[in-house]
Amino acid sequence: MSFEVKVVEAGGTDALLWKQARFDGLAPDEVRLRHTAIGVNYIDVYFRSGVYQSPVMPFTPGLEAAGVVTAVGSEVADLDVGDRVAYASPPLGAYSEERSMPADRLIRLPNSIDDRIAAAVMLKGMTVQYLLRTTFRVGSDTTLLIHAAAGGVGTIACQWAKYLGATVIGTVGSESKAETAISHGCDYPILYRDEDFVSRVDEITSGRGVDVVYDSVGKQTFMKSLECLRPLGMMVLFGQSSGAVDPISPSVLQDKGSLFLTRPTLMTYTAHRKDLEACAGELLELIAKDVVKPDIRQEFPLREAAAAHIALESRSTQGATLLIP
Ligand SMILES: NC(=O)c1ccc[n+]([C@@H]2O[C@H](COP(=O)([O-])OP(=O)(O)OC[C@H]3O[C@@H](n4cnc5c(N)ncnc54)[C@H](OP(=O)(O)O)[C@@H]3O)[C@@H](O)[C@H]2O)c1
């Protein structure tokens, strides 16, 4: 018998119910997993609250976890019972003690990476990989702005961008978050609740503007983020923790200096197995080199997932948050 978190009706944190799980058998292309650590991500909040629609109802939230293979479908050739794996991918269902998962979405874990690290880094780290290496190719001549620089994605982005030699400007919600961002490689933390980040960026870049903005806060920052870009700069809107951005006219991009705008998601960048392997491969390499070091600051028992969501939504977390089955 195993248990899972279930959402029967989207809503507040009380929508996260602790229920006995049902196992209907394994499809030929699936494996059965016993989770050992589960990553909490802001996207889980969007699904729980109904900002994003789950394709099935009721559903178990969660897109990131590590675990052990306990059974293998008849068509799965490259995984065995006992293998340690991790994933950051649909289908939803990571908030569970056990689950079935399509085998081609799993990444085998090297012995050097423990389960908690893997669960803290797969989704956030692969996101940083595509954002910094593909969406906009960050290099030593890049000056970038990233919001929520002390968060789960933010801390890894600071580490990775610093490793690539970039100048990193990051917004943060408190003094303590500023210290966290600095410790992960942020050169210029901006306390955006107290100071205007547009004028601070102008000052830091001597009026030039940044090459790229990575904006995951959305509604509260989007228009101001555009102001921070140099002509022909790239606006990467990759989240909306403060709410969905209001529609804009394309001519806004013209007026502000022929800007580029993209709204990417990890799921597109890793939809094909070869892209998933390349993305995860580069991430695992940088973990092995000690460049990417997930900062696990919060852990909750799986059945207390609601407490994890309350912490994340109230902006009181830093680094990564885990659920432990
Ligand atoms: N598109 C993709 O592929 C992709 C993949 C992964 C994550 N994401 C996005 O990246 C963002 C970060 O995800 P995460 O899981 O690492 O979360 P996180 O950054 O650890 O937590 C969210 C942070 O956002 C900031 N924030 C600003 N305004 C907020 C508000 N009104 N309500 C709540 N938080 C607010 C807070 O930091 P401060 O206090 O410092 O402002 C808060 O700590 C999310 O928007 C997520 O959807 C996108």
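Which helix holds both Glu-277 and Arg-273, and how many residues apart are they? Both residues lie in helix H9, which covers residues 273-288, and they are four residues apart, about one turn of the helix.

## The model and its two domains

The structure described here is a predicted model, and the domain assignment of its chain gives two parts: domain 1, made up of residues 3-121 together with 270-324, and domain 2, which covers residues 140-263. The centres of domain 1 and domain 2, taken over C-alpha atoms, are separated by 28 Å. Where the domains touch, 19 residues of domain 1 and 20 residues of domain 2 take part in the contact.

## The interface between the domains

The size of an interface is often given as the accessible area lost when the parts come together. Domain 1 and domain 2 bury about 1,600 Å² between them, and 50% of this area is on carbon and sulfur atoms. Of the area that domain 1 buries against domain 2, Val-291, Arg-315 and Gln-318 supply 36%, which is more than any other three residues.

Across this interface there are zero salt bridges, whereas twelve residue pairs, with both residues at pLDDT 80 or more, are found in polar contact. Helix H1 (42-49) and helix H9 each supply at least two residues of the side of domain 1 that touches domain 2, and H9 gives the most to that side, with three residues. Sorted by class, the side of domain 1 that touches domain 2 has ten nonpolar, three polar and six charged residues.

## Salt bridges

The structure as a whole holds 20 salt bridges. In the pair from the opening question, Glu-277 forms a salt bridge with Arg-273, and the closest N and O atoms are 2.8 Å apart. Glu-277 is partly exposed, with a relative accessible area of 44%, and Arg-273 is also partly exposed, with a relative accessible area of 29%.

A second pair within one helix is formed by Arg-200 and Glu-203, whose side chains meet in a salt bridge with an N to O distance of 2.7 Å. Both of these residues lie in helix H5 (residues 197-204), three residues apart, about one turn of the helix. Arg-200 has a relative accessibility of 22% and counts as partly exposed, while Glu-203, with a relative accessible area of 55%, is exposed. The pair also belongs to a wider arrangement, in which Glu-195, Arg-200 and Glu-203 are linked in a network of salt bridges. Elsewhere, Asp-295 forms a salt bridge with Arg-297, with the closest N and O atoms 3.0 Å apart; Asp-295 counts as buried at 16% relative accessibility, whereas Arg-297 is partly exposed, with a relative accessible area of 41%.

## Two arginines and their surroundings

Arg-133 is found in helix H2, which covers residues 115-135. Not counting residues up to four places away in sequence, Arg-133 touches Val-128, Trp-160, Leu-164 and Glu-282. With Glu-282 there is a polar contact between the two side chains, at 2.6 Å. Leu-164 is 31 residues away from Arg-133 along the chain, and the C-alpha atoms of these two residues are separated by 9.6 Å.

Arg-32 lies in strand E3 (residues 30-40) and counts as buried, because its relative accessibility of 8% falls under 20%. Leaving aside neighbours within four places in sequence, the residues in contact with Arg-32 include Phe-23, Leu-26, Val-68, Glu-98 and Ser-100. The side chain of Arg-32 makes a polar contact with the side chain of Ser-100, at 2.9 Å.

## Backbone details

Two peptide bonds that lead into prolines deserve a mention here. The bond from Met-57 to Pro-58 is cis, with omega near -10 degrees, and Pro-58 lies in the loop between H1 and strand E4 (64-72). The bond from Pro-90 to Pro-91 is likewise cis, with omega near 0 degrees, and Pro-91 is found in the loop between strand E5 (84-88) and strand E6 (98-102).

Positive phi values occur at residues other than glycine as well: Leu-232, in strand E12 (residues 229-237), has a phi of about 70 degrees. For Arg-315, phi is near 65 degrees, and this residue is found in the loop between helix H10 (305-313) and strand E15 (320-324). Arg-315, one of the three residues named above for their share of the area that domain 1 buries against domain 2, counts as partly exposed at 34% relative accessibility.

Definitions and conventions
Residues are numbered from 1 along each chain as its sequence is written. Side-chain values use heavy atoms; hydrogens and water are left out. A salt bridge is a side-chain nitrogen of Lys or Arg within 4 Å of a carboxyl oxygen of Asp or Glu. Buried means under 20% relative accessible area, exposed over 50%, partly exposed in between (1.4 Å probe, protein chains only). Domain bounds come from an automatic or database domain assignment. Contact means heavy atoms within 4.5 Å. Buried area is the accessible area (1.4 Å probe) that two parts lose on being put together, summed over both. A polar contact is a pair of N or O atoms within 3.5 Å; within protein, one must be able to donate a hydrogen and the other to accept it, and residues adjacent in sequence count only if both atoms are side-chain atoms. Ala, Val, Leu, Ile, Met, Phe, Trp, Tyr, Cys and Pro count as nonpolar, Asp, Glu, Lys and Arg as charged, and the others, Gly among them, as polar.
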